[in-house]
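Please find below some remarks on the helix packing in this entry. They are set out as numbered points for ease of reference.

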Amino acid sequence: MTDARSFTSDARGFSLHPRELTAAEEHGFADDFAAVLENTSVHRSTIGCVIPAYNEEESIADVIEALLAQTRVPDVIHVVVNNTSDATVKIASEYSGPHEIHTELGEQFTEVFVHDIGKNPDKKVGALNYGYSLVEGYDYLLGVDGDTIADSKAVEYLETEAVSDSRIGGISAIYTIDDKPIKGLMARFLTAGQRTQFAAFNLQNMLRGRNMAVLGGQFSIFSTNALRDAMKQNHQSTPWVKDSEVEDSLLSLQIKSAGYLTKISPYARADVGGMTTLSGYDAQQVKWTYGAIELMWPGQRGDTKGQPFHPNLRLRWFENFGMLTNLFVRVAFLTLLAGSLSIGAFVFSPLWLIPPVIAMLLNLRIARTMKNVNRTDILFAILFLPAELFMWIRISHFVRSWTRFLSRKKVDNWAMQAKAERGGGLGHWTPMVVLIAVAIALAVIWVMVGPMVQSSILWIGWPIVGVVTVLQTLLMFSKLVRRQHGFKV
């Protein structure tokens, strides 16, 4: 394990001082690396990789090995371990030191450093900023989560596009979840839903001129010039700030505001760690949604300034409006259906089948855009019930996030997510309990009002739900027939 304060690094990514080089390193590794640079006719960009890691003993070895297997290997890899209580440091340290790698692009050199920064109150943000201080002299910072496995050409694709256009401040890879090792019915159901969710989000960004609203920390490359400009513009001493629940979204906004482009690569791919429990997925989504609301909301929440009209937040507004519409249509439809059945006023119309059929076709088309689509993805799309159940789960996250935000109650969502991932917490059941309580209350009120009031409610309610449903269906249909330009996510 190497302490970051025990060495300095030059732009080529190997340790110089104060550690003395061995004879082999002095006459082999360093000279060979210098010779490569001397024989290069064009400028070779430098990439410093930072891996913030917290209790990643199950995945950290695969993450490092995937980086060492890249066709374009990062010039240096810093694993920054924080607040860990498992064997992450021990496992990662097995890869410490210089590596000479033969790739299809030629012989490459890198060095892996492992830093255990101990108890860190700023958690992932603190680890990222610690890593930035080690690689700020490089051309690019490659941020990689401790559970993200990249395809072998991912770094090459990201670097190639970043170098081709100096306006680019950052590029994100296409994310998905490898579902092959997932076991258990609930875990596979949640993974299928998350794969569809990732695919829809990635496709939306692809069709928006490949402008990425969020440069996800899972696997993204940042121009250090862009980071410095964003820091200067926002009077920050570090790129990432601790007062946002979504540090990657906020940094993406700042990079965009500094005049740079934030893009998604059409080729670079990476498998991220998905949530396999309902409590873990709930806590993650509530944290993300809550943080996004802070960025969207006009005014001040904590130390995060709301930026409601920022171009990167347009997609967020559409997502939240869409979730509100989904909530209204489903609750109103079920309420009116129960009321109609109770007084014998229910009349079925085949037209009601059009919205779910359009939804299934849209889910199927999204699934078909996945590069590694499988049978589970197709079944999730066409069986309707799995996708509908997953939508209800997402609605519960939406309701919990807005309720928590509007209450202005200070909550450590990072800590709550960590607790949920360990199996603690029952908060994800709250929306269901509230829904049942509301249903009981509505049933009691429905029985208490007279037949004339009941008829009036149905007479007014059904047309409203019908109009909203028609508009929602037309929006889904427009997405269904929209050209996708051959993108694969």
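The points below concern a predicted model and take up one helix, one proline and one helix pair in turn.

1. Helix 16 spans residues 451-481, a run of 31 residues. From its first C-alpha to its last, this helix reaches 44 Å, close to the 45 Å expected at 1.5 Å a residue.

2. Which residues of helix 16 are buried? They are Gln 454, Leu 458, Gly 461, Val 465, Thr 469, Gln 472, Thr 473, Met 476 and Leu 480. An α-helix has 3.6 residues a turn, so residues three or four places apart point the same way. The buried residues of helix 16 pack against helix 10 (314-342), helix 11 (354-368) and helix 15 (430-448).

3. Pro 355 belongs to helix 11. Its relative accessible area is 19%, and because buried means under 20%, Pro 355 counts as buried. Beyond residues up to four places away in sequence, Pro 355 touches Thr 469, Thr 473 and Met 476, and these three are listed among the buried residues of helix 16. Pro 355 and Thr 469 are 114 residues apart in sequence, yet their C-alpha atoms are 7.5 Å apart in space.

4. A further helix pair deserves comment. The axes of helix 6 (residues 185-207) and helix 13 (residues 385-407) come within 10 Å and cross at roughly 80 degrees; the two helices are therefore roughly perpendicular to each other. Helix 6 contributes Phe 189, Leu 190, Gly 193, Gln 194 and Gln 197 to the contact, and helix 13 contributes Pro 386, Leu 389, Phe 390, Ile 393 and Arg 394. By class, the residues of this contact comprise six nonpolar, three polar and one charged.

Terms used
Residues numbered from 1 in each chain as written. Predicted model: local features only at pLDDT ≥ 70, side-chain atom pairs only at ≥ 80, totals over all residues. Heavy atoms only, no water. Helix = DSSP H or I, 4+ residues; strand = E, 2+ residues; numbered from the N terminus. Expected span 1.5 Å × (residues − 1). Buried < 20%, exposed > 50% of the residue type's maximum accessible area, 1.4 Å probe, protein only. Contact = heavy atoms within 4.5 Å. Axes fitted to C-alpha atoms, helices over the stretch in contact; angles between N-to-C directions. Parallel < 35°, antiparallel > 145°, perpendicular 65-115°, else oblique. Nonpolar A, V, L, I, M, F, W, Y, C, P; charged D, E, K, R; others polar.
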